[in-house]
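Good morning, colleagues. Please look at the model on the screen while I describe its internal space and the confidence behind it.

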Amino acid sequence: MEMRTESKGHIAALITVIIWGITYVSTKSLLEYFTPIEILFIRFVIGYAALWLICPHLMHVNDKKHHWYFAAAGLCGVTLYYLFENIALTYTLASNVGIILSVAPFFTAIFGYLFLKDERPGAIFFVGFVIAMIGILMIGYNSEANLKLNPLGDILAIIASIIWAAYSTLSKKIGSFGYNTVQATKIIFTYGLVFMLPAVCMMDFHPEVSAFLNVGNMANILFLGLGASALCFVTWNFALKVLGSVKTSVYIYMVPVITTVSSAIILGEQITGMIVCGIVLTLAGLFMSEKKKNKIQTESDVEQNAL
């Protein structure tokens, strides 16, 4: 029974990263018709509605203090992260954003060590981090790319990865509260949409009706709302519960490959030799760091079992 549950966790994580890997390409296409805030708000409204249809009951929060964690998770994981991601896509390649955001596990490990006291990154972890950052620089500033790259977009993507690390840390804490995954995700979405309202009022939010009549646009919007928002947040949180943060985070490293390949096929973005080298270095650094983390967690588990 335990093996079956673990298999479900791996399947959930795999489905999540495949969808998220294509998300950047889908958003990049929509940016020709919608502003970043329009895409962000519309996709999460659709996702929020889908979660209510799946689970229409209200969830009782056992401790009022838990609302602070839900609110912070909504602000980071729904509002700020996707706002920075969408804006980054207006300045740089979809493949760049996907690869740069894959550095989030590094920041997640650091935040976990600082705030949750459950991660102990060692020397190999930081060596891997440096190697990955070199790869990211090669991807973002290569001179062989035909399309113009803007450093601003790459910087915004890095900020987004830090914000996602904060969300992951908060989600790990929320997972320890024992709430239903769909219900907890729904509360996070509630706070995220509330925090999004000021940005909707201040930024350019005037979606044109004609844009929704485009079949491609509607397909991308539904994909982002139902798939990348509602489904993926639930499947990812489920994977975290079943596999834990270390095993689940390994799947994030597949996102750059999926994004790069899908952007080349769908958007026609060129994959140069410099980008390939950057991808190799980035993934090598990430796996090096992950190997160290797995070793640490295994040792920790042995100690706990011995006790």
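A cavity here is a set of points, on a 1 Å grid over the protein atoms alone, where a 1.4 Å probe fits but cannot get out; lining residues have an atom within 4 Å of a point. Points are joined across faces, edges and corners, and a volume is the space filled by probe spheres set on them. This is a predicted model, in which local features need pLDDT of at least 70 and side-chain atom pairs pLDDT 80 or more, while totals for chains, interfaces and linings use all residues. Residues are numbered from 1 along each chain as its sequence is written, and side-chain values use heavy atoms, without hydrogens or water.

The structure contains 2 cavities of 30 Å³ or more, and the largest has a volume of about 180 Å³. Its lining comprises 13 residues, with Trp20, Tyr24, Tyr81, Trp164 and Val255 nearest the centre. Helix 1 (2-30), helix 3 (66-89) and helix 4 (94-101) each give two or more residues to that lining; helices are DSSP runs (H or I, at least four residues), numbered from the N terminus.

Tyrosine 81 is also the centre of a kink of about 30° in helix 3, the bend being the angle between axes fitted to the seven residues ending there and the seven starting there.

Finally, confidence: pLDDT, the predictor's confidence in each residue from 0 to 100, averages 82 over the chain. Helix 13 (residues 273-306) is lowest, at a mean of 63, and helix 2 (residues 36-54) highest, at 94.

Methods
On a 1 Å grid over the protein atoms alone, a cavity is a set of points where a 1.4 Å probe fits but cannot get out, and a pocket is an open set with protein on both sides within 12 Å along at least five of seven lines; lining residues have an atom within 4 Å of a point.
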